[in-house]
Amino acid sequence: MATVTLSEANFEETITSNEIVLVDFWASWCGPCRMFSPVYEEASERHGDVVFGKVDTQAEAALAGQFGIMSIPTLMAIRDHVVLYARPGALPPPALEDLIQQIRALDMDEVRRTVKKQAHAAS
């Protein structure tokens, strides 16, 4: 599967309609973003069950702002509508593969219980 362009118009539907979505926040002027792009694209070809989305932070400033993106590239991993990973920096291929495997291996029922406990403790 090739990468897909995400925008305010399709972001919510994309993360709601797919089990695992990776999001690359990037900009065309960003050198590390351009270096990470082929790594991300190659991973998208190997993992057809994962949506690999790209958000151009210049074109989608409001969307980037919604997630507090302060540095690019920033990679975000979302599974079952839960943000599990969000960190700036370009990952090398082995680290990206490891992240994908970790996301797949998570017990999402346990994740939801943990999130619920944390929300309850914070209130």
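Reader: In which sense do β2 and β3 pair, parallel or antiparallel, and over how many bridges?

Author: The structure above is a predicted model. To read a pairing, one follows the direction of each strand and then the bridges between them. Here β2 and β3 are parallel partners, linked by six bridges. As a point of register, Val-21 of β2 faces Val-51 in β3.

Reader: How many bridges join β2 to β4, and in which sense do these strands run?

Author: Strands β2 and β4 run antiparallel and are joined by six bridges. In this pair, Val-23 has Met-76 of β4 opposite.

Reader: What is the order of the strands in the sheet?

Author: The order is read across the sheet, from one edge to the other. This sheet is open, has five strands in the order β1-β3-β2-β4-β5, and its pairing is mixed. The edges are formed by β1 (4–5) and β5 (82–88); each has a single partner strand, so one side of each lacks a neighbour in the sheet. For β5, the pairing with β4 (residues 74–79) is antiparallel and spans six bridges. Within it, Tyr-85 in β5 lies opposite Ala-77.

Reader: Why is β2 described as largely enclosed by the rest of the structure?

Author: One counts the buried residues of the strand, where buried means under 20% relative accessible area. Of the seven residues of β2, six are buried, so the strand is largely enclosed by the rest of the structure.

Reader: Which strands does helix α4 lie across?

Author: Helix α4 (residues 93–105) lies across β2 (20–26), β3 (51–56), β4 and β5, and runs at about 20° to β4.

Reader: At what angle do α2 and α4 pack?

Author: For two helices, one reads the angle, the axis separation and the handedness. Helix α2 (residues 31–46) packs against α4 at about 40°, and the axes are 10 Å apart. The two helices are therefore oblique to each other. Their crossing is right-handed. On the α2 side the contact is made by Phe-36, Val-39, Tyr-40, Ala-43 and Arg-46, and on the α4 side by Pro-93, Leu-96, Glu-97 and Ile-100.

Reader: Which cysteines does a disulfide join, and are they buried or exposed?

Author: One looks at the sulfur separation, the twist about the bond and the accessibility of each partner. The count is one disulfide, and this disulfide joins Cys-30 to Cys-33 with an S to S distance of 2.4 Å. The link is right-handed, with 75° about the S-S bond. Cys-30 has a relative accessible area of 4% and is therefore buried. Cys-33, at 2%, is buried as well.

Key: Residues are numbered from 1 along each chain as its sequence is written. This is a predicted model: local features need pLDDT of at least 70, side-chain atom pairs count only at pLDDT 80 or more; totals for chains, interfaces and linings use all residues. Side-chain values use heavy atoms; hydrogens and water are left out. A disulfide is a pair of cysteine sulfur atoms within 2.5 Å. Buried means under 20% relative accessible area, exposed over 50%, partly exposed in between (1.4 Å probe, protein chains only). Two strands pair if DSSP finds at least two bridges between them. Helices (H or I, at least four residues) and strands (E, at least two) are DSSP runs, numbered from the N terminus. Contact means heavy atoms within 4.5 Å. Axes are lines fitted to C-alpha atoms, for helices over the stretch in contact, and angles run from 0 to 180 degrees between N-to-C directions. Angles under 35 degrees count as roughly parallel, over 145 as roughly antiparallel, 65 to 115 as roughly perpendicular and the rest as oblique. A crossing is left-handed if the near helix is turned anticlockwise from the far one by less than a right angle, and right-handed if clockwise.
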